[in-house]
Amino acid sequence: MNDSDRHRLITEMLLETPFASVRDLQERLGVSPATIRRDIDKLHEIGKARKVYGGISANDASATGRLSARPYDENRDIAVDAKRAIAEKAAGLVRDGDSIIVHAGSTCYQLGQQLARRNVRVYTNSMPLAAYLGEHGTCHLTLAGGELYREPGIIHDPSAGAPDFFASRFFLGTQGISAEGLLESHPLLTKAIGELSTRADEIVLLADSRKFSIQPRNIVLPLSRIGTIVTDDGLSDSGAKMLEDAGITILIAAVGVPS
């Protein structure tokens with residue numbers, strides 16, 4: 001199989017799912033990881049797809065007929081008003097003296113800003129949030145240990161397992177939501193979320209209503225693990241029913257209206 005054939009097959013795979021890992025491509029195409037990485041670099045260079053942590057992603061909604069997951073640097077500037085309103089609503093769940101975990105992601109970053117000067121203990125694996133809290137915050141801050149993974153913006157040690165930190169709530173975002181659960185395109189985020197989810201009494205999802213139209217391929221957590229979702233007033237009736245059927249408490253943040 002020559003380069004052109006492999007590139008064609010990879011772009012066809014991205015019509016079915018917005019993300020494919022190096023391992024997925026290696027198994028499908030029967031070539032070495034080094035060859036796959038060269039293919040990914042080439043497709044990224046010519047604009048056919050995007051190179052992301054762990055593999056390759058479809059460029060935009062035109063590839064799948066639906067919204068696609070975007071990396072953190074792109075996603076942080078999308079739906080900012082909704083994310084800010086969600087963060088303000090979520091901050092109301094936190095009481096002085098609480099210990100909480102705040103995961104990486106743009107909406108969780110907004111929550112961290114809300115809590116920066118509160119009397120709370122915050123554990124985070126988000127490098128952008130840790131930098132902000134270190135400079136502007138007075139809250140007690142505990143950082144994840146390990147290496148910095150710049151594209152998802154997290155600090156993680158794959159060999160360490162779950163941290164020795166226990167919280168009343170674990171606040172996290174997600175790239176996509178379906179009836180199967182929370183979805184992510186990055187295998188590393190799947191692993192990190194799974195570890196942190198064992199260290200809190202309740203999991204609180206912060207997700208704007210766009211996320212119900214984004215369908216990455218990796219299932220991170222089933223909906224049954226989520227206690228509460230804070231979303232915006234763009235939530236559809238079908239989305240609300242799906243959440244209610246899973247027993248999730250729904251909190252709605254009105255975008256553009258004080259919460």
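## A tour of the predicted model

Start by selecting Asp3, Arg6 and Asp39: a network of salt bridges links these three residues. Bear in mind throughout that this is a predicted model. Searching the whole structure turns up twelve salt bridges. The next stops visit some of them.

**Stop 1: aspartate 41 and lysine 51.** Select both and show side chains. They meet in a salt bridge, 2.9 Å from N to O. Now colour by secondary structure. Aspartate 41 belongs to helix α3 (residues 33-45), while lysine 51 belongs to strand β2 (residues 50-52), so the pair ties together parts ten residues apart in sequence. Switch on a surface. Aspartate 41 is partly exposed, at 36% relative accessibility. Lysine 51 is also partly exposed, with a relative accessible area of 47%.

**Stop 2: lysine 191 and glutamate 195.** Move to helix α8 (residues 187-196), which holds both residues. They are four residues apart, about one turn of the helix. The two form a salt bridge, and their closest N and O atoms are 2.5 Å apart. Which partner is buried? Glutamate 195 is, at 14% relative accessibility. Lysine 191 is partly exposed, with a relative accessible area of 35%.

**Stop 3: aspartate 208 and arginine 210.** Select this pair next. Their side chains meet in a salt bridge, 2.8 Å from N to O. Check the surface again. Aspartate 208 has 1% relative accessibility and counts as buried. Arginine 210 has a relative accessible area of 21%, so it is partly exposed, because buried requires under 20%.

**Stop 4: the largest nonpolar core.** Leave the charges and turn to nonpolar side chains. In soluble globular proteins, nonpolar side chains tend to be buried together. Here, select Phe170, Ile177, Leu182, Leu205 and Ile229. Of the 26 residues in the largest nonpolar core, these five touch the most other members. Then show the elements around them. At least two residues of this core come from each of β9 (167-172), α8, β12 (200-206), β13 (218-221) and α9 (237-245). Helix α8 is also the home of the salt bridge between lysine 191 and glutamate 195.

Centre the view on isoleucine 177. What is isoleucine 177 in contact with, leaving aside its neighbours within four places in sequence? The contacts include Leu182, Leu183, Leu205, Ala207, Phe212, Ile214, Leu223, Ile229 and Met242. Lys211 and Gln215 are also among the contacts.

**Stop 5: a second core.** Now select Val94, Ile100, Val120 and Val204. These are among the 23 residues of a second, separate core. Val204 falls within the 200-206 range of strand β12, which also supplies at least two residues of the largest core.

**Stop 6: helices α6 and α7.** Select residues 106-115 for α6 and residues 127-136 for α7. Their axes come within 10 Å and cross at roughly 15°. That angle makes α6 roughly parallel to α7, because angles under 35 degrees count that way. The crossing is right-handed. Which residues meet between the helices? From α6, show Cys108, Tyr109, Gly112 and Gln113. From α7, add Pro128, Leu129, Tyr132 and Leu133.

**Last stop: the whole chain.** Zoom out and show the full cartoon. The protein chain has nine helices and 15 strands. Of its 259 residues, 49% are buried. Finally, display contacts with a separation of 6 or more. In the protein chain, 60% of these are between residues 24 or more positions apart.

Terms used:
Residues are numbered from 1 along each chain as its sequence is written. This is a predicted model: local features need pLDDT of at least 70, side-chain atom pairs count only at pLDDT 80 or more; totals for chains, interfaces and linings use all residues. Side-chain values use heavy atoms; hydrogens and water are left out. A salt bridge is a side-chain nitrogen of Lys or Arg within 4 Å of a carboxyl oxygen of Asp or Glu. Buried means under 20% relative accessible area, exposed over 50%, partly exposed in between (1.4 Å probe, protein chains only). A nonpolar core is a set of buried Ala, Val, Leu, Ile, Met, Phe, Trp, Tyr and Cys residues joined through side-chain atoms within 4.5 Å. Contact means heavy atoms within 4.5 Å. Axes are lines fitted to C-alpha atoms, for helices over the stretch in contact, and angles run from 0 to 180 degrees between N-to-C directions. Angles under 35 degrees count as roughly parallel, over 145 as roughly antiparallel, 65 to 115 as roughly perpendicular and the rest as oblique. A crossing is left-handed if the near helix is turned anticlockwise from the far one by less than a right angle, and right-handed if clockwise.
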